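Hi everyone, and thanks for coming. Today I'd like to walk you through a structure that may be new to you, so let's put it on the screen.

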Amino acid sequence: IFSDFGINTLINIDVVKNRTTADKYLWNAQLIKLSLSFFSLFSLLLFAFLSNQEGIISYLIVTSIAFIFINLNNTYSSIFRAFERMDYEMISRILKNSLFFFFSLYFIFIKSILGIFYAFMIANIIVFFFNRYFFKKIISRTASFDLHFIKLLLKKSLPYALTSLFVMIYLKSDVIILSLLNGTTISGTYVVASEVLNALILFPHFIGFSLFPLFSHYLKHQPTLSVLFTETLKFQALLTAFITLLFFMFSKYIIFLFFGKEYLDSALVLQIIIFAFLFIGICIIYTYLYYILGYEKKITIITAFVAVLNILFNLILIPFYSLYGAAIATVITHIILALLCIFFIDKTNIMKNFFITLKIFLATLLPAIIYFFLQTKIYLAINLFLTIGVFFSLIFIFNLFPTLSKIFIATRSVK
C-alpha cells in the first residue's frame, strides 16, 4: 500500500479521461514509486538489523528488488487498461509466470532456496523491459520529470491510498483479533476460509477496472451512464451470487481439495463468510464508478467508518462465537458497506439499486437455506439440481438478468 500510494488507481481514472497525459503520468509515477520502494527497503533492512535477523537480509534485498519492479510493472498495467490494451497486460502476466516457473525449476534442481527468490526477481525485471516495449508501441514520446506534477500526484492519490489502507484494516482485523483472543490454532482454521474469499475478490475487480473506459466515455451523458451502471450492477451481482452459491454448496470439497482434510473445520466458516463476496462485488462496481465521477473522498470516508465498525463487530462477536463470530462480522461489515455505497453517494437511483441488491441477496440466500436443510435428506445430485433451479427461477422472477438491448439502445442514442 505504501509503495503504491494509490497511484495505480489514479492513473486508471485520469489517463482514461485524457490519454495524452499517459507518458507524463508514467514517468513521474514511477519516480514516486521508486522513492517509496527504496524507503520501504531501507526500513525493512534496518528492522532486520536491529532485531538481529541478519540471516534474512539477502532474502529481503532480493524480494524487495522484485517488488520494486512489480510496482513499476503495475504502473504499466494501469496504462494498458486505460488504453484498453488488456492483451499487453495478459502477455506480461503469462510471461512473468512462465519465467518464474522455469527459473524456479532450475534453482530447485540445484537445491538453492535463495535461488527461488532470485527467480522471482529476474522474472519481474525481464517483464519490466517487455512492458517498456509495449508502452512505446502505444506512445512514442517521452515526458520529463515534473516536480510540481509529482506533488499534484501525491495529493490526488492520497484518498485512494487511504481507502486501500482502510480496506486492508477491515479485511485483516478479524484474523488479528481472533488470534489474540482465541489463539493461533483457531485463527488458522479461520484464515483458510478467509483466504478463499480474498482469492475470489480478483474476479469482480477485473470486471470493475475493465469498465473504466466504457463508463468514462459516457461520463457526460448521465442517462446512458445510468443504464450502463444498472445493467452492469445486475451482471456483477448475478456473477457474484452464482459463485457465492457454488462455494456455499461445495465448501467441504473446496477446502479438502486445496487445503486437505485437516482443515475441514473451515468449511462451515466458508459457508458463512462467502456471503460477504456477494456484497463485495456490489461494493467494487460502485467504487469504480464513483472514482470516475470524482467521489473518491466519499469512498474514503465510508471505508474508514466501515473499518471501525468491523473492529467493533469482531470485538463483540468473537468472544461469544469465536471464528464463526469473525465470519459473521465480515458479512455484516460488507452488507453495511454496500448499503452506504447505495444511500450515501447514489442520489438518483437509490431505491432502484437498493432493490436490485435486496433481490439478489434473497435469490442467493433462499436456495442456500434449501440446500443446507436438505443436504442430509436427499441425494446430493438432486439437491444441487433443485438449489440451482430455485436460484435461476428467482433471478428470472426478480428480473435480474442483464438486458443487453437496453445497453444497445442507450449507447446508440448518444451516437
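**A short tour, starting with charged pairs**

Let me begin with lysine 234, which forms a salt bridge with glutamate 231, the closest N and O atoms being 3.8 Å apart. Before I go on, please keep in mind that this is a predicted model. Both partners, lysine 234 and glutamate 231, sit in helix 10, which covers residues 222-249, and they are three residues apart, about one turn of the helix. Are lysine 234 and glutamate 231 buried or exposed? Both of them are buried.

As general background, side chains of opposite charge can pair when their charged atoms come close. How many salt bridges does the structure hold? There are three, and I'll show you the other ones now.

One joins the side chains of glutamate 89 and arginine 93, at 3.1 Å from N to O. Glutamate 89 and arginine 93 are separated by about one helical turn, because they are four residues apart in helix 4. The two partners are covered to differing degrees: glutamate 89 is buried, with a relative accessible area of 5%, whereas arginine 93 is partly exposed, at 38%.

Then there is the pair of lysine 172 and glutamate 195, whose side chains meet in a salt bridge of 3.8 Å, N to O. Here lysine 172 belongs to helix 6 and glutamate 195 to helix 7, so this pair ties together parts that are 23 residues apart in sequence. Lysine 172 is partly exposed, with a relative accessible area of 33%, and glutamate 195 also counts as partly exposed, at 38%.

**Following helix 6**

Let's stay with helix 6, which runs over residues 147-182 and includes threonine 163. With a relative accessibility of 5%, threonine 163 counts as buried, because the cut-off for buried is under 20%. What is threonine 163 in contact with, leaving aside its neighbours within four places in sequence? The residues are Tyr291, Glu296, Ile299, Thr300 and Thr303.

Helix 6 also takes part in a nonpolar patch on the surface, which has about 1000 Å² of accessible area in total and includes Leu158, Leu162, Ile169, Leu312 and Ile316 among its residues. The elements that give two or more residues to this patch are helix 6 and helix 14, residues 296-345. Which helix gives the most to the nonpolar patch? That is helix 6, with seven residues. On the other side of the patch's make-up, isoleucine 316 has its place in helix 14. Isoleucine 316 is exposed, with a relative accessible area of 52%, because the cut-off for exposed is over 50%.

**Spaces inside and open spaces**

Now for the empty spaces. The structure holds one cavity of 30 Å³ or more, and the largest cavity has a volume of about 40 Å³. Its lining includes Tyr170, Asp174, Tyr190, Ile273 and His334. Helix 6, helix 7 (184-200) and helix 14 each supply at least two residues of that lining. The largest share, four residues, comes from helix 7.

The largest pocket has a volume of about 1700 Å³. It is lined by 39 residues, and the closest to its centre are Ser164, Ile201, Leu202, His205 and Tyr288. Several helices each supply at least two residues of the pocket lining, among them helix 1 (7-17), helix 3 (57-82), helix 8 (202-210) and helix 13 (275-292). Helix 6 gives the most here, with eight residues.

**Two last stops**

Why is helix 1 described as largely enclosed by the rest of the structure? Because nine of its eleven residues are buried. Among the buried residues of helix 1 are Ile7, Asn8, Leu10, Asp14 and Val16.

Finally, please look at phenylalanine 361, found in helix 15, residues 350-374. Phenylalanine 361 is partly exposed, with a relative accessible area of 21%. Not counting residues up to four places away in sequence, phenylalanine 361 touches Phe275, Leu278 and Phe279. How far apart are phenylalanine 361 and phenylalanine 392, in sequence and in space? They are 31 residues apart in sequence and 13 Å apart in space, C-alpha to C-alpha.

That's my tour, and thank you for listening!

Conventions
Residues are numbered from 1 along each chain as its sequence is written. This is a predicted model: local features need pLDDT of at least 70, side-chain atom pairs count only at pLDDT 80 or more; totals for chains, interfaces and linings use all residues. Side-chain values use heavy atoms; hydrogens and water are left out. Buried means under 20% relative accessible area, exposed over 50%, partly exposed in between (1.4 Å probe, protein chains only). Contact means heavy atoms within 4.5 Å. Patches are made of residues with over 30% relative accessible area and no salt bridge: like charges are joined within 9 Å, nonpolar side chains (Val, Leu, Ile, Met, Phe, Trp, Tyr) within 5 Å. Accessible areas come from the Shrake-Rupley method with a 1.4 Å probe; for residues, only the protein chains shown count as cover. A salt bridge is a side-chain nitrogen of Lys or Arg within 4 Å of a carboxyl oxygen of Asp or Glu. On a 1 Å grid over the protein atoms alone, a cavity is a set of points where a 1.4 Å probe fits but cannot get out, and a pocket is an open set with protein on both sides within 12 Å along at least five of seven lines; lining residues have an atom within 4 Å of a point. Grid points are joined across faces, edges and corners, and a volume is the space filled by probe spheres set on the points.
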